[in-house]
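User: I am new to this structure and would like a close look at one part of it, followed by a walk through what surrounds that part. Please take your time over the answer.

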Amino acid sequence: RSTRGIMSQRQGQRGGVPGLGPKRVEGGSEGGGGRMVSASSSVLASQPSNPKRETKDGKQDMELVASNNGGDKNDPSSSSSTSNNRGGKDGNATSTSDRQERPEKEEIYTYEAPWLVYGMNWSVREDKKFRLAIGSFVEEYNNKVQIVELDEDSGKFECTGSFDHPYPTTKIQWMPDRPGSRPDLLATTGDYLRLWKVEKDRVSMECLLNNNKNSEFCAPLTSFDWNATDPSLVGTSSIDTTCTIWNVETSQAKTQLIAHDKEVYDIAFAPSANVFASVGADGSVRMFDLRSLEHSTIIYESQNLVPLLRLSWNKQDPNYLATFLMDHNHVVILDIRSPAEPVAELKGHSQPVNSIAWVAHSSCHICSGGDDRQALIWDLSPLPKPIIDPILAYNAQAEINTLEWSALQPEWVAITLQRRLQILRL
């Protein structure tokens with residue numbers, strides 16, 4: 001297992017998030033399909049850079065998983081019914097009769113990058129619904145970021161922009177500007193926080209934000225989050241135990257605080273301008289308020305203080321957070337109203353989890369992806385009853401590194417694996 005999310009620094013120093021990043025799969029080329037999980041995944045075993053329609057009858061890219069979360073297994077309309085299995089091009093989880101009545105649509109589009117893909121983010125601009133940014137994972141200084149967009153008429157991805165990036169990106173995020181009334185900006189972290197201006201024929205660096213100008217060395221940034229309520233604010237997390245809140249309009253640090261006892265691996269804003277949370281190598285989830293930074297709240301500590309790698313805040317219901325532990329195969333769901341103990345632990349993966357994302361349009365659905373090559377969708381509406389099984393599973397051809405739900409189109413989710421970006425219509 002190659003170390004992932006790691007950047008090199010000068011004089012051999014290293015930083016980043018251990019346990020995250022692309023993996024090389026034995027038994028296949030880096031860009032190939034690797035080992036197949038099941039027959040349901042074989043339709044993508046050799047996917048070129050342009051998407052294709054499914055051509056093998058009876059093969060299923062999406063499979064509905066029997067749910068114990070209130071569904072009746074004997075009810076033919078429940079998620080465990082075989083009539084809901086997918087064998088065609090229609091990406092909706094519908095019965096065979098429903099598919100015959102609807103026009104056929106693509107279910108999966110694939111873009112093949114020239115390098116291992118790790119960083120990925122879906123544009124939120126209403127005029128760029130199928131635009132994404134992806135970052136390379138090359139374990140050297142010179143890396144790349146590509147901007148790709150799906151042509152809905154041709155059904156093909158096109159690279160509409162590309163730029164060099166020092167070290168692999170630990171995260172990529174478009175400016176949260178749905179109407180498109182602001183400059184078209186893209187942010188990345190690695191050694192520093194950088195903002196890039198995307199124009200029709202070029203991409204240029206808008207600014208580089210560094211709060212440690214007195215040293216020739218930098219503490220690598222592990223992640224960041226762009227405040228959707230106040231887009232002038234960006235928060236970064238670092239291996240030096242700090243979080244920094246930036247005003248990107250003035251290019252000045254608004255505040256920097258020691259957030260954890262060890263490295264900070266992720267940061268996420270609540271659906272508000274002032275509250276954010278972070279996770280780190282000390283195994284804790286901590287919550288902060290910009291209006292009173294002299295206090296913070298530890299809302300969860302993992303058993304044996306196992307490091308927590310990523311954090312995702314439910315944008316529809318800010319009472320709920322999700323996180324996962326390093327080298328563990330379950331997702332932890334937290335309710336900030338009753339901290340300390342998880343309200344749910346989602347244990348559907350057989351290998352470590354790499355990425356989590358709340359469904360943008362729902363307060364009770366979350367998706368997780370992991371080393372077991374599965375993307376699982378969970379329904380949390382039965383809480384406080386135990387959540388036993390996911391309601392939907394996608395079997396990929398390799399370990400899933402990152403996943404993200406489209407904020408504009410509720411039926412679309414994006415994943416990265418090896419050299420591929422895939423978007424799936426559910």
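How many of the residues of strand S15 (residues 242–247) are buried, and what can be concluded from that about its place in the structure?

Analyst: A word on the setting comes before the strand itself. The model is a predicted one, and the protein in it has 426 residues, of which 58% are buried. There are 31 strands and 1 helix in the protein, and among the contacts with a separation of 6 or more, 51% are between residues 24 or more positions apart.

In strand S15, 6 of the 6 residues are buried, so this strand is largely enclosed by the rest of the structure. Buried here means under 20% relative accessible area. In a regular strand the side chains alternate between the two faces of the sheet. For S15 both faces are covered, with Thr242, Thr244 and Trp246 buried on one side and Cys243, Ile245 and Asn247 buried on the other.

The strands that pair with S15 can be taken in turn. Strand S14, made of residues 233–238, pairs with S15 over 5 bridges in the antiparallel sense, and within this pairing Gly235 has Ile245 as its bridge partner. The two strands form a hairpin with 3 residues between them, and in the turn Thr241 has a positive phi of about 80°. Strand S16, made of residues 252–258, also pairs with S15 in the antiparallel sense, in this case over 6 bridges, and here Trp246 stands opposite Ala253. S15 and S16 again form a hairpin, with 4 residues between them, and Ser251 in that turn has a positive phi of about 60°. Ile245 and Trp246 of S15 thus each have a named counterpart, Ile245 being the partner of Gly235 and Trp246 facing Ala253.

Further along the chain there is an open sheet of 4 strands, with the order S17-S18-S19-S20 and antiparallel pairing. Its edges are formed by strand S17 (264–269) and strand S20 (296–301), each of which has a single partner strand, so one side of each is left without a neighbour in the sheet. On average, and with direction ignored, neighbouring strands of this sheet are turned by 20° against each other. Inside the sheet, strand S18 (residues 275–280) and strand S19 (residues 284–289) run antiparallel and are joined by 5 bridges, with Val279 standing opposite Val285 in S19.

Thr297 gives a view of the edge strand S20, in which it is placed. Its relative accessibility is 39%, and Thr297 therefore counts as partly exposed, whereas the residues of S15 are buried. Leaving aside residues up to four places away in sequence, Thr297 touches Val285, Arg286 and Met287. Ile336 is 39 residues away from Thr297 along the chain, and the C-alpha atoms of these two residues are separated by 9.8 Å.

S17, the other edge strand, leads on to the largest pocket, which has a volume of about 1200 Å³. S17 is among the elements that give two or more residues to the lining of this pocket, as are strand S5 (117–122), strand S9 (171–174) and strand S13 (221–226). The lining consists of 45 residues, and those nearest the centre of the pocket are Asn121, Gln173, Asp225, Lys315 and Glu404. By class, 24 of the lining residues are nonpolar, 13 are polar and 8 are charged.

Some details of the backbone remain, and they come from loops. Most residues other than glycine have a negative phi, and most peptide bonds are trans. Tyr167, which is not a glycine, has a positive phi of about 65°, and it is placed in the loop between strand S8 (156–166) and S9. With a relative accessibility of 10%, Tyr167 counts as buried. Asn304 lies in the loop between S20 and S21 and has a positive phi near 60°, but Asn304 is exposed, with a relative accessible area of 71%. The peptide bond from Leu383 to Pro384 is cis, with omega near 15°, and Pro384 is found in the loop between strand S27 (374–379) and strand S28 (392–395).

To return to the request, S15 is a strand with 6 of its 6 residues buried, paired in the antiparallel sense with S14 and also with S16.

Note on methods
Residues are numbered from 1 along each chain as its sequence is written. This is a predicted model: local features need pLDDT of at least 70, side-chain atom pairs count only at pLDDT 80 or more; totals for chains, interfaces and linings use all residues. Side-chain values use heavy atoms; hydrogens and water are left out. Buried means under 20% relative accessible area, exposed over 50%, partly exposed in between (1.4 Å probe, protein chains only). Two strands pair if DSSP finds at least two bridges between them. Axes are lines fitted to C-alpha atoms, for helices over the stretch in contact, and angles run from 0 to 180 degrees between N-to-C directions. On a 1 Å grid over the protein atoms alone, a cavity is a set of points where a 1.4 Å probe fits but cannot get out, and a pocket is an open set with protein on both sides within 12 Å along at least five of seven lines; lining residues have an atom within 4 Å of a point. Grid points are joined across faces, edges and corners, and a volume is the space filled by probe spheres set on the points. Ala, Val, Leu, Ile, Met, Phe, Trp, Tyr, Cys and Pro count as nonpolar, Asp, Glu, Lys and Arg as charged, and the others, Gly among them, as polar. Contact means heavy atoms within 4.5 Å.
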